[in-house]
Amino acid sequence: MLLVRDLTIRYPGWVGRYDLAVPRGAVVALVGPSGGGKSTLLNAVAGFERVASGELAFEGRDLLPLRPAERPVAIVFQEHNLLPTLSAADNAGLALSPALRLKPADHAAIAAALARVGLAGLGKRRPAELSGGQRQRVALARALLTTRPVLLLDEPLSGLDPALRRDMVALIDGLRREKSLAVVMTTHTPEDVEGVADAVLRVENGRVAEGG
Ligand SMILES: Nc1ncnc2c1ncn2[C@@H]1O[C@H](COP(=O)(O)OP(=O)(O)OP(=O)(O)O)[C@@H](O)[C@H]1O
């Protein structure tokens, strides 16, 4: 279980104060207005925001003292964060070896992950040679290769056509079952996650609304 309790992030003139609980195997979708605080929450869980106060734990372990690389958390950012000089395969492979010391089995796993997101045969391309949706899927392939039990996805469906959105949602659904992941994703199109999300929660003014 990922547990967020009274987790407080302050920017000048803005405060986010979050409560959220996500069991393993569950998908929680965050919706709400632009600027409501969705990305800030994901970035704080991943360790990229300074937290003023509150609790953040996974399976009872306090995550706040841990650096991002030490946290049991994989995140796909809104802007994908691919390295422009690396091929799609190497960008995905960073999940397995940050220095890209990849074994033959790693190359096979990378090819399988790229195939899974519909990018079979495109592993040699650099990000600039891919469409926006394809770049997004490279970032998703990288997340698929991590063995971290918490998966955070910031707008993973934006820029994808409807058929691809359905494929990605099915992929996320399969993964959370297979690996018992706790998934938190943001979306502007909640209808896309109907039938997959265990909860759709609204984030507004830096708060996660009750219910959903
Ligand atoms: N580094 C920062 N410094 C100061 N203010 C920030 C910073 N990052 C975000 N904010 C502000 O914090 C609030 C929440 O932003 P956030 O990016 O979390 O919203 P969001 O719900 O993800 O929006 P969107 O749907 O547009 O991505 C906004 O008012 C934003 O302007």
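**Group meeting: two domains, a ligand shell and a sheet**

Okay, so the domain assignment splits this protein in two: domain 1 covers 1-72 + 150-212, and domain 2 covers 82-147. Keep in mind that this is a predicted model. Measuring over C-alpha atoms, the centres of domain 1 and domain 2 are 23 Å apart. Where they touch, domain 1 puts in nine residues and domain 2 puts in nine residues. On the domain 1 side, the top contributor is helix α5, residues 162-179, which supplies five residues. And what's that side of domain 1 made of? Seven nonpolar residues, one polar and one charged.

Now, the ligand. Around it you'll find Tyr11 and Trp14, then the run Ser34, Gly35, Gly36, Gly37, Lys38, Ser39 and Thr40, and finally Val203. Which helix gives the most to that shell? That's helix α1, residues 38-46, with three residues. Sorted by class, the shell has six polar, three nonpolar and one charged.

Last bit, the sheet. It's an open one with six strands, and if you walk across it the order is β6-β7-β8-β3-β9-β10, with mixed pairing. The edges are β6 (73-76) and β10 (207-208), each of which pairs on one side only. Let's zoom in on one pair: β3, residues 27-31, and β9, residues 199-204, run parallel and are joined by four bridges. If you want one of these contacts to look up on screen, find valine 31: its bridge partner in β9 is arginine 202. While you're there, look at Val203 too, since that's one of the residues around the ligand.

Terms used
Residues numbered from 1 in each chain as written. Predicted model: local features only at pLDDT ≥ 70, side-chain atom pairs only at ≥ 80, totals over all residues. Domains from an automatic or database assignment. Contact = placed C-beta atoms within 7 Å. Helix = DSSP H or I, 4+ residues; strand = E, 2+ residues; numbered from the N terminus. Nonpolar A, V, L, I, M, F, W, Y, C, P; charged D, E, K, R; others polar. Near = placed C-beta within 6 Å. Pairing = 2+ DSSP bridges.
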